[in-house]
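I sat down with a new model today and kept short notes as I went. Here it is, so you can follow along.

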Amino acid sequence: MPIADQVVVVGAGPVGLVSALILARANVPVLVLEAEPELTRDLRAASFHPPTVEMLAELGVADAMHETGIPARHWQIRDRHGHVVADFDLALIADETPYPYRLHFEQFKLTPLLLARLQAIPGASVRFGAQVAGVTQDADGVTVRIGSPDGEEKIAAKWVIGADGGRSTVRKAANIAFDGFTWPERFLVASTTHDLEPAGFRYASYIADPELWAAIFKVPHEGPPGLWRIAYPTDPNIPEEVVLADDAIEANLQKLHAIPGRWPLHYRSTYRVHQRVAETFRRGRVLLAGDAAHLNNPLGGFGLNSGIHDAVNLADKLGRYFRGEGGEELLDRYSRQRRAATIEQVQAMSIRNKRMMEERDPAVQRERLREMIAIAGDPPRAREHLLNTSMISGLRRAEAVD
Ligand SMILES: Cc1cc2nc3c(=O)[nH]c(=O)nc-3n(C[C@H](O)[C@H](O)[C@H](O)COP(=O)(O)OP(=O)(O)OC[C@H]3O[C@@H](n4cnc5c(N)ncnc54)[C@H](O)[C@@H]3O)c2cc1C
């Protein structure tokens, strides 16, 4: 079998498509293999931090995102009694980014924008209904095995990028450990048309409470007035159909914020949440990015953002490698830089955020919230906090990793 000079990207999620688009723009032949018959439309991430919007602007999709996306300039922490504990204004970092806000825009609306750009570039191709079943490699190249009802097919490549999500077949085929843990509770996400803005909620709001905490976001949905998405933890001992029942959700939403009448519900689901990091993001010719390389809880909105940061870092280095601007050490550097950003920032911040929201000891929680009040009330500290939580500082620190 001839060893093709292409890069195969496994997975047409946002991370795979960003990787492929950057490589294609750098004239690297790229083939994306996606198991599903079309782009997936499930409701997942919807919050883009400023540096991620900058990266997507480079790829020419930010204008379209802004057409319907909701800029969330402020975010806040509240208690369950309706008091605002701390309120942060991203205008404090307007000198650091052209996008001093979180842009709320559903992930499933981003992937079609990326796909359209990718498909317009000669030398790039995307195959749907192509489920990768295995990957083997030797010193010269990689063989990607696709399973289909009609049999098996083998595809040759120089490099493979596993952007095939948390259960990554590519990661498993390369024997890369994925250590970490799974939180015991499932998270429930419900969305509602009830407008929380008149009650003082910001478009990104967190309710800290030892019994029932929540993360609340306004998302564009099908256009104004949009939807409010509310995520809270559920008891792992209670069956899924019970926590998802109308009355159970109604009772919890009323506890989080009492309204007259019932909460109008639009959508609901539960999901499990993990904190895991691959032991390396590179093994030989196999490279990992996005959820295939790391998973974290959603508090802080780091999952998709950090996956896109991986994709940009990796595709840029692979492009340089193909142009002869460096050797394989570029790819080891990718692994070191993005693993450092994942472990030191994304994992640390998302775990800290969750602990703060759910702290059961009232004295400890009071102390942590007092700390947030102090930070929010002190502009230099608030600015530093915003640079961290917007992932700007983390990206700069990772860039400095050799
Ligand atoms: C409910 C929820 C809310 C979230 N909220 C946020 C948020 O607010 N902010 C944030 O930053 N992150 C959030 N996340 C996380 C975010 O959605 C993920 O980090 C993101 O989807 C990762 O993108 P990805 O491209 O790496 O993987 P995925 O989006 O999972 O894409 C992987 C692709 O690979 C394909 N695939 C899988 N296996 C194979 C195979 N064997 N062969 C071929 N193709 C394959 C899949 O079909 C899929 O299309 C949330 C996640 C969930 C579940």
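Before anything else, my cut-off: I call a residue buried when its relative accessible area is under 20%. I also remind myself that this is a predicted model.

**Entry 1, helix α4.** I looked up which residues of α4 are buried, and found Gln107, Phe108, Lys109, Leu110, Thr111, Leu114, Leu115 and Leu118. Next I checked the length of the helix, which runs over residues 107–119. Its 13 residues should span 18 Å at 1.5 Å a residue, and the end C-alpha atoms lie 19 Å apart, so the two agree.

**Entry 2, the ligand.** Gln107 turned up again here, so I moved on to the ligand: Gln107 is among the residues that come nearest to it, together with Glu34, Val132, Asp291 and Leu304. The ligand has 30 residues around it in total.

Which secondary-structure elements supply at least two residues of the shell? I noted α1 (14–25), β2 (30–34), β9 (131–137) and α8 (303–322). Helix α8 gives the most, with three residues. By character, I sorted the shell into 14 nonpolar, 11 polar and five charged residues.

Then I went through polar contacts with oxygen atoms of the ligand. The side chain of Glu34 has an N or O atom 2.6 Å from a ligand oxygen. For Gly303, a polar backbone atom is 3.1 Å from an oxygen of the ligand, and for Asn305 the corresponding backbone distance is 3.2 Å. I also looked up how much of the ligand is covered: on its own it has 990 Å² of accessible area, and the protein covers 87% of that.

**Entry 3, helix α11.** On to residues 379–389, where I found Ala382, His385, Leu386, Leu387 and Thr389 buried. What do these buried residues pack against? My list reads β5 (74–78), β6 (84–89), α9 (329–358), α10 (362–376) and α12 (392–399). Just after α11, I marked Met391 for its positive phi of about 75 degrees.

**Entry 4, Glu359.** Two of those helices, α9 and α10, are joined by a loop that holds Glu359. Is Glu359 buried or exposed? Its relative accessible area is 16%, so I wrote it down as buried. The Glu359 side chain reaches the backbone nitrogen of Asp361 at 2.9 Å. Leaving out residues up to four places away in sequence, I listed its contacts as Pro210, Val364, Gln365 and Arg368.

How values were computed
Residues numbered from 1 in each chain as written. Predicted model: local features only at pLDDT ≥ 70, side-chain atom pairs only at ≥ 80, totals over all residues. Heavy atoms only, no water. Near = heavy atom within 4 Å. Polar contact = N/O pair within 3.5 Å; in protein donor to acceptor, adjacent residues only side chain to side chain. Areas by Shrake-Rupley, 256 points an atom, 1.4 Å probe, with all protein chains shown as cover. Nonpolar A, V, L, I, M, F, W, Y, C, P; charged D, E, K, R; others polar. Expected span 1.5 Å × (residues − 1). Buried < 20%, exposed > 50% of the residue type's maximum accessible area, 1.4 Å probe, protein only. Contact = heavy atoms within 4.5 Å.
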